[in-house]
Amino acid sequence: LPHNEVPSDSNLLSLGQVIPQDILDTVIAKSGEIDPLEAELEPGQASLHHWKCVHSSGVNSSDYDRIGFAIRYMSASVKNVKSVCRERATLVCGDPGDSWDIEPDIQEEYGDKEWNEHKISMELERKNYFQDSQLTHFK
């Protein structure tokens, strides 16, 4: 589904991505089967959902920051067709394929070398994520 970028301090997403309401209304009307499901979470709870699941959240009324954490499991054949550089990935099992560089092994938890490698990985991700944006960093 198409997304618009509407940067806002109230949007946790760095690019402020939103699906326009008219697009959502069209999808719902065409399917005839989609009913929004409210899944209100208690403090400390998390939700897991498919990447194609349209989801949103309301205003965070607590004194604590809301945290978003994405884990993407994918086959080695997946390619980032919009990339300007190769990113790193953590191999869970199998063949790493040809599209991703493998994250270096950790020798020391929270070691200087490990923090430097993490910095490199995040810089590669930033280059791809913000390539067509005025923004340069995640929130």
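Which side chain meets that of Arg 126 in a salt bridge? I looked this up before anything else. The partner is Glu 123, at 3.3 Å from N to O. I note that the model I am reading is a predicted one.

**Entry: the pair within helix 2**

I checked where Arg 126 and Glu 123 sit. Both belong to helix 2 and are three residues apart, so about one helical turn separates them. I then looked up how far each is covered. Arg 126 has 16% relative accessibility and counts as buried, because the cut-off for buried is under 20%. Glu 123, at 35%, counts as partly exposed.

**Entry: the other salt bridges**

I asked how many salt bridges the structure holds. The count is three.

One of them joins the side chains of Asp 101 and Arg 86, with 2.9 Å from N to O. I placed Asp 101 in strand 4, which covers residues 101–102, and Arg 86 in the loop between helix 1 (21–31) and strand 3 (88–89). The two are 15 residues apart in sequence, so the salt bridge ties together separate parts of the chain. I also noted their accessibility. Asp 101 is partly exposed at 32%, and Arg 86 is partly exposed at 38%.

Next I looked at Glu 117. Its salt bridge is with Arg 88, and the closest N and O atoms are 2.8 Å apart. This pair links distant parts of the chain, as Glu 117 is in helix 2 and Arg 88 is in strand 3, 29 residues away.

**Entry: Asn 128**

I stayed with helix 2, which runs over residues 112–129, and looked up Asn 128 in it. Is Asn 128 buried or exposed? I found it buried, with a relative accessible area of 7%. I then listed what it touches, leaving out residues up to four places away in sequence. The contacts of Asn 128 are Asn 80, Ser 83, Val 84, Cys 85 and Glu 87.

**Entry: cysteines**

Cys 85 came up among the contacts of Asn 128, and I looked up its accessibility. At 18%, Cys 85 counts as buried, because the value is under the 20% cut-off. I did the same for Cys 53, which has 35% relative accessibility and counts as partly exposed.

How many disulfides does the structure hold? I found zero. A disulfide is a covalent bond between the sulfur atoms of two cysteines. No such bond is present in this model, then, for Cys 53 or Cys 85.

Technical notes
Residues numbered from 1 in each chain as written. Predicted model: local features only at pLDDT ≥ 70, side-chain atom pairs only at ≥ 80, totals over all residues. Heavy atoms only, no water. Disulfide = S-S within 2.5 Å. Buried < 20%, exposed > 50% of the residue type's maximum accessible area, 1.4 Å probe, protein only. Helix = DSSP H or I, 4+ residues; strand = E, 2+ residues; numbered from the N terminus. Contact = heavy atoms within 4.5 Å. Salt bridge = Lys/Arg side-chain N within 4 Å of Asp/Glu carboxyl O.
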